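Here are a few exercises to work through with the model open in your viewer. Try each task before you read its solution.

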Amino acid sequence: MPWDPVRLNDGHSIPDRFGTWKLGNGQSSVDQVDQALSVGFSHIDTAQFYANEEQAGIAIRESGLARSDIFVTTKYSGVGGLDIETSVQNSLKKLGLSYIDLYLIHQPYLALPDIPTTWKKMEALKDQGLVKSIGVSNFEVYHLEILLASAKIKPAANQILLHPYVNARQAPLLEYCAAHNIVVEAYSVLIPVTSQPGGPVDAPVNSIADRLGASADQVLLAWAKAKGAVVVTMSTKKYRLEGYLAAGDLLLTPDDIARIDEAGAKGLKQNHAFAFMRRLALVALAGGAALGVCGYLGIDLF
Ligand SMILES: NC(=O)c1ccc[n+]([C@@H]2O[C@H](COP(=O)([O-])OP(=O)(O)OC[C@H]3O[C@@H](n4cnc5c(N)ncnc54)[C@H](OP(=O)(O)O)[C@@H]3O)[C@@H](O)[C@H]2O)c1
């Protein structure tokens with residue numbers, strides 16, 4: 001298998017990665033998960049918020065795979081204002097499972113009334129055997145500091161946004177997680193080809209892809225793997241899913257990774273400059289409109 005299992009700090013392992021975020025919740029969602037399992041993925045990543053746990057459960061049952069051969073992640077998303085204890089029971093029912101492999105707090109702001117109280121509830125779920133591993137998502141260093149100060153059980157994973165354009169910003173978080181033996185799961189790794197094509201990362205990624213006879217998305221997945229992350233990705237297309245699995249064999253050199261990192265950092269600066277110009281333009285527009293209204297009303301401002 002090209003993507004090696006990743007061992008968590010509680011002794012369990014994550015086999016590989018597949019997300020279900022954009023699959024919707026109809027029959028097509030069942031088919032997509034089904035397709036991923038048949039191609040060889042064995043980790044399904046879903047969440048209360050995605051509203052497709054039921055479909056993921058159907059696909060898991062239809063796959064005929066043994067429960068022990070599938071790794072299921074789902075997340076507490078605070079849907080319906082329900083507490084963690086009720087939410088996890090609902091997720092188990094929807095998935096049709098007796099346990100969840102990895103249960104995450106979807107966002108730090110869902111940890112109410114505070115992180116230590118919420119984490120105690122997560123620890124209780126693990127003690128009761130309802131979930132094998134517990135973790136978090138979108139937690140920054142300071143959230144983790146608060147959590148670790150009172151935790152009996154460390155989070156096994158932190159699922160975060162990671163792609164070359166946010167790499168510099170996320171680097172301290174990656175270091176902190178590594179130092180505390182918390183596995184980083186990376187989502188939206190393919191942003192440079194999906195929603196931000198045409199940026200500075202394209203040149204190194206495309207030239208590395210040409211050299212290796214690979215596609216740009218495969219190079220990006222290999223880049224995230226080189227950062228030590230478990231990649232959570234998805235595709236509706238079988239050929240891409242097969243390509244994602246094959247990307248586990250791509251070996252990027254330290255120079256390849258440095259070139260992608262450098263280009264990503266440039267993109268970040270460009271994004272900041274773009275955001276500044278956009279804000280400036282909005283202020284100018286608002287000012288112009290205000291002057292126009294004052295003129296219309298006969299108000300003399302000067
Ligand atoms: N914890 C969180 O807060 C959080 C947030 C976001 C996502 N996630 C998880 O992470 C998973 C992946 O998220 P994501 O969808 O943002 O990840 P992604 O891996 O960056 O993107 C996957 C998308 O890339 C498209 N794609 C792949 N190669 C492409 C190419 N060469 N050109 C154009 N499009 C291409 C695929 O479309 P096709 O279907 O057309 O192949 C698919 O829609 C989600 O399903 C979810 O489970 C978690």
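Two residues count as in contact if their C-beta atoms, placed from the backbone, lie within 7 Å. Keep in mind that this is a predicted model.

**Exercise 1. Check the length of helix 3 (residues 84–95) against its number of residues.**

Step 1: take the 12 residues of helix 3 at 1.5 Å a residue, where the expected span uses one less than the number of residues. That gives an expected span of 16 Å.
Step 2: look at the end C-alpha atoms, which are 16 Å apart, so the two values agree.

**Exercise 2. Work out which residues of helix 3 are buried and how they sit around the axis.**

Step 1: list the buried residues of helix 3, which are I84, S87, V88, S91 and L95.
Step 2: check the arc. These residues cover only 95 degrees around the axis, which puts them on the same side of helix 3.
Step 3: recall the helix geometry. An α-helix has 3.6 residues a turn, so residues three or four places apart point the same way.
Step 4: turn to the face pointing away from the buried side of helix 3, where you'll find the exposed residues T86 and K93.

**Exercise 3. Find what the buried residues of helix 3 pack against, and what follows the helix.**

Step 1: apply the contact cut-off from the start. The helices that the buried residues of helix 3 pack against are helix 2 (53–63) and helix 4 (115–127).
Step 2: add the strands, namely strand 4 (71–76), strand 5 (100–105) and strand 6 (131–137).
Step 3: step past the end of helix 3 to G96, which has a positive phi, near 70 degrees.

**Exercise 4. Describe the shell around the ligand.**

Step 1: start with the residues that come nearest. Of the 24 around the ligand, these are G19, W21, L190, T233 and S235.
Step 2: ask which elements give two or more residues to the shell; they are helix 7 (191–194) and helix 9 (216–226). Helix 7 gives the most, with 3 residues.
Step 3: sort the shell by residue type, and you get 9 nonpolar, 10 polar and 5 charged.

**Exercise 5. Locate the centre of contacts in the largest nonpolar core.**

Step 1: among the 75 residues of this core, pick those that touch the most other members: Y103, A186 and A224.
Step 2: see which element gives the largest share. Helix 9 does, with 6 residues.
Step 3: follow A224 outward. Leaving out residues up to four places away in sequence, A224 touches L162, A186, V189, A229 and V231.

Note on methods:
Residues numbered from 1 in each chain as written. Predicted model: local features only at pLDDT ≥ 70, side-chain atom pairs only at ≥ 80, totals over all residues. Helix = DSSP H or I, 4+ residues; strand = E, 2+ residues; numbered from the N terminus. Buried ≥ 20, exposed ≤ 12 C-beta atoms within 10 Å, placed from the backbone. Arc of directions from axis to C-beta. Near = placed C-beta within 6 Å. Nonpolar A, V, L, I, M, F, W, Y, C, P; charged D, E, K, R; others polar. Core = buried A, V, L, I, M, F, W, Y, C linked by C-beta atoms within 7 Å.
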